[in-house]
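User: Could you take a close look at one part of this model, the salt bridges and the helix beside them, and walk me through what is found there?

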Amino acid sequence: EKGMVWATNHFVDPVMTPYVAPLDPKASTLSRFARLKELLDPATGTKYGKLDLPMAASVLRDGHNPLTGEDIPAEQFDNGGTLANNGCIYSMVFAPRLRTVWLATGALPIPQNPYVGFSLYELAGMDGAKAPNPASVP
């Protein structure tokens, strides 16, 4: 409805409680979800309504832990429960309507690397597929 989906690694909706193991209140999935809510939720989000591709990449590079109030350097191992967690093996922005994904890979920390665009039409080998615009996000 709001045109956006965000997720971390665990179910947080109370309806799912019977199906998941209890989480440590300090689990990074909770701090990362809380930070996404701070940044993207229509009621509270500081970036809601302003989100474009470079801003989406900046969200994934965010180094703030809202549960501790700390700003964690990108180079710190495990990144203290931030979105820009160097434990991730890929980081991506997906634009479903454009059928395009921008993917960051490579050396740690992954989210600090360029996000390179891939057209799903191009990947599927469809005739006339257009290259992503922009080709990458530095």
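**Salt bridges and the helix beside them**

Analyst: In this predicted model, the side chains of Arg-35 and Asp-62 meet in a salt bridge, with an N to O distance of 2.8 Å. Arg-35 belongs to helix H1, whereas Asp-62 sits in the loop between H2 and strand S1 (64–65), so this pair ties together parts that are 27 residues apart in sequence. Arg-35 counts as buried, at 13% relative accessibility, and Asp-62 also counts as buried, at 14%; both values fall under the 20% relative accessible area that sets the limit for the term.

Arg-35 has another partner, Glu-38, whose side chain meets that of Arg-35 in a salt bridge of 2.7 Å, N to O. Here the two residues are three apart in helix H1, which means that about one helical turn separates them. Unlike the buried Arg-35, Glu-38 counts as partly exposed, at 32% relative accessibility. Taken together, Arg-35, Glu-38 and Asp-62 are linked in a network of salt bridges. As background, side chains of opposite charge can pair when their charged atoms come close.

A search of the whole structure finds three salt bridges, and the one still to be described joins Asp-41 with Lys-37, where the closest N and O atoms are 3.4 Å apart. Within this pair, Asp-41 is buried, with a relative accessible area of 14%, while Lys-37 is partly exposed, with a relative accessible area of 39%.

The loop that holds Asp-62 lies between H2 and strand S1, and this leads to helix H2 itself, which spans residues 53–60. At the N-terminal end of H2, Asp-52 acts as a cap, one of its side-chain oxygens lying 2.9 Å from the backbone nitrogen of Met-55. Within the helix, Leu-53, Ala-56, Ala-57 and Val-59 are buried. These four residues are on the same side of H2, because they cover an arc of only 155 degrees around the axis. What covers the buried residues of H2 includes helix H1 (28–40), along with strand S3 (91–95), strand S4 (100–104), strand S5 (115–119) and strand S6 (136–137).

Helix H1 therefore appears in both parts of this description: it carries Arg-35, which pairs with Asp-62 in the loop between H2 and strand S1, and it is also among the elements that cover the buried residues of H2.

Technical notes
Residues numbered from 1 in each chain as written. Predicted model: local features only at pLDDT ≥ 70, side-chain atom pairs only at ≥ 80, totals over all residues. Heavy atoms only, no water. Buried < 20%, exposed > 50% of the residue type's maximum accessible area, 1.4 Å probe, protein only. Arc of directions from axis to C-beta. Contact = heavy atoms within 4.5 Å. Polar contact = N/O pair within 3.5 Å; in protein donor to acceptor, adjacent residues only side chain to side chain. Salt bridge = Lys/Arg side-chain N within 4 Å of Asp/Glu carboxyl O.
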